[in-house]
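Trainee: Please take a close look at the salt bridges in this model. I would like to know where the partners sit, and then what can be said about the other parts of the structure.

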Amino acid sequence: MLILAAILTVALMAWRALSHGPEMAIQAGWALAIISPTWIIQELGPLNIDIRFLVFVLTCLVGLFRPSQIIRFDSWMWLDIALLTVIVISNVSKWQAGVWTFGGLLESLQVWLFPYLIGRVIAASTRTNHDFVRVGARVGVIVATYCLFESISHSNFLNDLVGRFGSLQGETDYRFGLKRAEATFRHPIYCGMAVTLLSPFVFTQANRAFCNECQKIWIWSPLISFLGVLGTLSRGPIAVFMIVMFVAVAFTFRAARIPILSLAIISVFALFPLQTSVFTAIEGFTATDGFEIRERQLFIDIFGERHEYTGTRHRYLQFLVYSKAIDEAGWLGFGAWGSSPSHQLYVEEKNRGLFRSIDSQFLLQLLNTGWLGIVSFLLLISTTVYYGLRVATAESNANRLLALTLAGVLFAVAISLNTVWFANDFSFLWLCNSGIVCSLWARRQASRGLPLNAAISALKSSHHNHGIPIGIAGLYTAKVHCSDELNEC
């Protein structure tokens with residue numbers, strides 16, 4: 001099946017490159033990388049050969065046609081350095097733990113660097129955002145529609161077509177009489193996160209439709225995306241999507257800003273006195289057919305202390321279960337948690353089965369790479385959000401909304417990583433979006449600096465050859481070009 005998918009991917013990207021140019025080919029590959037089933041995969045040593053890996057390779061090959069336009073990273077950004085720091089610390093941690101291999105280095109590059117570079121190239125290779133925003137919005141609507149259909153019909157037609165049994169949660173964990181949709185992903189939570197990470201493109205395209213810049217039908221796309229996230233019945237993605245939705249609505253409709261801001265402030269202050277009731281309601285959301293708690297009441301002992309256990313509390317109790325390992329993680333952690341039988345000795349034998357998986361990227365990052373790894377990961381998150389907000393304050397109209405919602409969704413998803421690990425199913429999209437944010441800011445900086453440099457050169461040249469008046473005209477032309485470019489970007 002991977003061979004067939006690979007042939008279709010190569011054919012589509014080649015056709016788009018020949019008929020519409022390499023930029024469109026890369027965007028088509030990006031769309032396929034998101035939509036293609038993440039379970040179509042073949043291990044080749046440390047590498048996982050899938051459509052996403054193939055798209056990265058093809059993106060590099062397509063970029064050779066116009067290297068000055070496709071692969072034009074005008075300057076290094078702090079975000080680039082933050083990502084490289086995460087990769088370096090990860091490998092140094094494995095080296096000091098004695099588990100580093102060259103294959104492990106390739107694996108870390110595939111997980112962290114490749115998707116980020118795809119996002120960098122997507123935004124760096126175009127003068128305007130309209131093309132890749134439209135592609136991202138289409139993909140977001142397609143995946144959301146798939147989720148909605150799967151949840152209502154109780155059938156994942158692609159899984160049925162190939163005879164694949166989905167995740168246990170997706171196949172058996174029904175809620176309110178609805179199936180938890182996972183579409184082409186390996187878990188409902190991963191699917192919900194992916195739809196949510198595509199929401200900035202959906203909201204931006206809807207905003208353009210509202211401003212009569214594209215087809216009016218796109219006004220309905222945020223509703224379809226929201227219904228798609230609801231189809232996964234995953235609390236984290238639903239909460240993240242609603243946050244981004246409120247940001248987009250407040251941006252689009254001036255009259256809604258004060259009510260939304262007031263609601264946000266009230267919610268924050270009400271959360272503290274009502275946290276017990278809110279926590280109980282969240283646990284109740286996991287129930288089958290209504291707000292009746294599914295799990296039987298269960299108590300467990302963690303280092304001599306008794307705690308109530310539910311599926312929701314599992315995410316927080318695991319910090320207690322792994323507390324001894326946390327204390328000894330040090331600056332560089334254990335390299336790769338679980339790579340040594342001695343690692344399980346940090347967890348009480350009676351709790352090893354219940355807590356065999358770690359549902360928190362921050363905890364996993366700490367165990368793998370220590371406190372330096374946590375700092376580097378937080379640096380990656382903070383610099384991504386920082387550049388997104390910088391672009392939002394510098395741009396206007398739909399471009400500002402794109403940057404603002406990108407910053408918002410990347411931050412909100414990062415916060416939710418306290419309850420889920422950074423699975424490749426959606427980490428690919430998070431890192432792609434991070435690369436897009438970085439290139440948006442780099443492109444804006446270049447558009448402000450390059451015309452001025454060109455104007456100075458023109459001024460010097462004209463003064464030498466034709467006199468001052470032509471030089472001034474050249475400077476004026478360059479300024480006009482700069483203004484046009486900023487408006488289009």
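**Salt bridges and their setting**

Mentor: K179 has a relative accessible area of 1%, so this lysine counts as buried, the cut-off for that being under 20%. Keep in mind that the model is predicted. The partner of K179 is E150, and the closest N and O atoms of this salt bridge are 2.6 Å apart. E150 belongs to helix α7 (residues 130–153), while K179 is in the loop between α9 (168–172) and α10 (188–197); the pair therefore ties together parts that are 29 residues apart in sequence. E150 also counts as buried, because its relative accessible area is 0%.

Side chains of opposite charge can pair when their charged atoms come close. Over the whole structure, a search finds seven salt bridges. One of them joins the side chains of D80 and R120, at 2.9 Å from N to O. This pair links distant parts of the chain, with D80 in helix α5 and R120 in helix α6, 40 residues apart. Both D80 and R120 are buried.

Another salt bridge is formed by R175 and D173, with 3.3 Å from N to O. R175 and D173 are both buried. These two residues also take part in a network of salt bridges that includes R180.

The helices of the D80 and R120 pair lead on to the second largest pocket. Its volume is about 980 Å³. There are 42 residues in its lining, and those closest to the centre are E107, S108, V111, W112 and W421. Helices α5 (78–96) and α6 (102–124) are among the elements that each supply at least two lining residues, as are β2 (47–49), α3 (51–63), α18 (361–394) and α20 (424–465). Helix α6 gives the largest share, nine residues. By class, the lining of this pocket has 20 nonpolar, 15 polar and seven charged residues.

The surface offers a nonpolar patch as well. It is made of F210, I217, I219, W220, L223, L227, L230 and F253, which together have about 760 Å² of accessible area. Helix α12 (residues 221–232) contributes the most to this patch, three residues. F210 is placed in helix α11 (residues 199–210). F210 is classed as partly exposed because its relative accessibility is 40%, a value between the limits of 20% and 50%.

Notes: Residues are numbered from 1 along each chain as its sequence is written. This is a predicted model: local features need pLDDT of at least 70, side-chain atom pairs count only at pLDDT 80 or more; totals for chains, interfaces and linings use all residues. Side-chain values use heavy atoms; hydrogens and water are left out. On a 1 Å grid over the protein atoms alone, a cavity is a set of points where a 1.4 Å probe fits but cannot get out, and a pocket is an open set with protein on both sides within 12 Å along at least five of seven lines; lining residues have an atom within 4 Å of a point. Grid points are joined across faces, edges and corners, and a volume is the space filled by probe spheres set on the points. Helices (H or I, at least four residues) and strands (E, at least two) are DSSP runs, numbered from the N terminus. Ala, Val, Leu, Ile, Met, Phe, Trp, Tyr, Cys and Pro count as nonpolar, Asp, Glu, Lys and Arg as charged, and the others, Gly among them, as polar. Patches are made of residues with over 30% relative accessible area and no salt bridge: like charges are joined within 9 Å, nonpolar side chains (Val, Leu, Ile, Met, Phe, Trp, Tyr) within 5 Å. Accessible areas come from the Shrake-Rupley method with a 1.4 Å probe; for residues, only the protein chains shown count as cover. A salt bridge is a side-chain nitrogen of Lys or Arg within 4 Å of a carboxyl oxygen of Asp or Glu. Buried means under 20% relative accessible area, exposed over 50%, partly exposed in between (1.4 Å probe, protein chains only).
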